[in-house]
Amino acid sequence: MRTAQHIVAACILAAASIAAPLAFAHAKLTASNPAPGAVLDTAPTDIVLTFNEKVEQAFSSVTLTSAEGKVVATEKAKVDAANPAIVRVAARGLSPGAYTVKWAVAGQDGHRRTGMFAFSVK
């Protein structure tokens with residue numbers, strides 16, 4: 001009887017060990033270029049977002065808006081083929097002013113995460 005209890009306990013512990021990383025595996029923004037709050041002398045040509053894990057192209061989007069709330073024309077965000085934890089979007093031709101980057105991605109666990117930050121160009 002005691003051996004059966006040990007086997008059941010070991011199975012529960014093994015299952016919990018396997019499931020724990022998956023439960024906390026949400027994509028989290030770890031870096032960006034430009035950085036949140038940055039005041040740039042020169043407008044960036046790309047917005048680059050780096051996450052703590054691979055993100056899925058089909059569920060990734062980046063929207064760049066001006067201070068007036070107008071969406072700035074950009075190409076569709078693309079997950080970097082060499083490093084699928086990086087999402088890039090073209091931001092060519094930005095004039096001086098404040099901008100907001102809104103992003104949405106889904107990580108390996110399928111949970112969608114969103115966020116936003118601002119930067120400005122002198």
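E75 and K78 form a salt bridge in this predicted model. Their closest N and O atoms sit 3.6 Å apart, and since the rule asks for a side-chain nitrogen of Lys or Arg within 4 Å of a carboxyl oxygen of Asp or Glu, the pair makes the cut. So how open to the surroundings are these two residues? E75 has a relative accessibility of 47%, so it counts as partly exposed. K78 comes in at 49%, so K78 is partly exposed as well.

**More salt bridges**

How many salt bridges does the rule give? The count comes to 4. Three of them are listed here, including the one you've just met:

| Salt bridge | N to O distance |
|---|---|
| E75 and K78 | 3.6 Å |
| D80 and R88 | 3.2 Å |
| K122 and D41 | 3.2 Å |

Take D80 and R88, whose side chains meet at 3.2 Å. Is D80 buried or exposed? With a relative accessibility of 18%, D80 counts as buried, because buried means under 20% relative accessible area. Its partner R88 has a relative accessible area of 35%, which makes R88 partly exposed.

Now look at K122 and D41, another pair of side chains joined by a salt bridge. This one links distant parts of the chain: K122 lies in the segment after β8, D41 lies in the loop between β2 and β3 (46–51), and 81 residues separate the two. Both K122 and D41 are exposed.

**The sheet**

Which strands make up the sheet, and in what order? It's an open sheet of 4 strands, running β2-β8-β7-β4, and the pairing is mixed. At the edges you'll find β2 (39–40) and β4 (61–66), each pairing on one side only.

Start with β2 and its neighbour. Strands β2 and β8 pair in the parallel sense over 2 bridges. If you want to spot this in the structure, find L40: its bridge partner in β8 is V121.

Next come β7 (residues 97–106) and β8 (residues 112–121), which pair the other way, in the antiparallel sense, over 10 bridges. Two places to check are V101, which stands opposite F117 in β8, and V105, which stands opposite R113 in β8.

What joins β7 to β8? The two form a hairpin with 5 residues between the strands. Have a look at G110 in this hairpin, as it takes a positive phi near 85°.

**Putting it together**

Strand β8 is a handy landmark for your tour. It pairs with β2 in the parallel sense and with β7 in the antiparallel sense, and the segment after β8 holds K122, whose side chain meets that of D41 in a salt bridge.

Note on methods:
Residues are numbered from 1 along each chain as its sequence is written. This is a predicted model: local features need pLDDT of at least 70, side-chain atom pairs count only at pLDDT 80 or more; totals for chains, interfaces and linings use all residues. Side-chain values use heavy atoms; hydrogens and water are left out. Two strands pair if DSSP finds at least two bridges between them. Buried means under 20% relative accessible area, exposed over 50%, partly exposed in between (1.4 Å probe, protein chains only).
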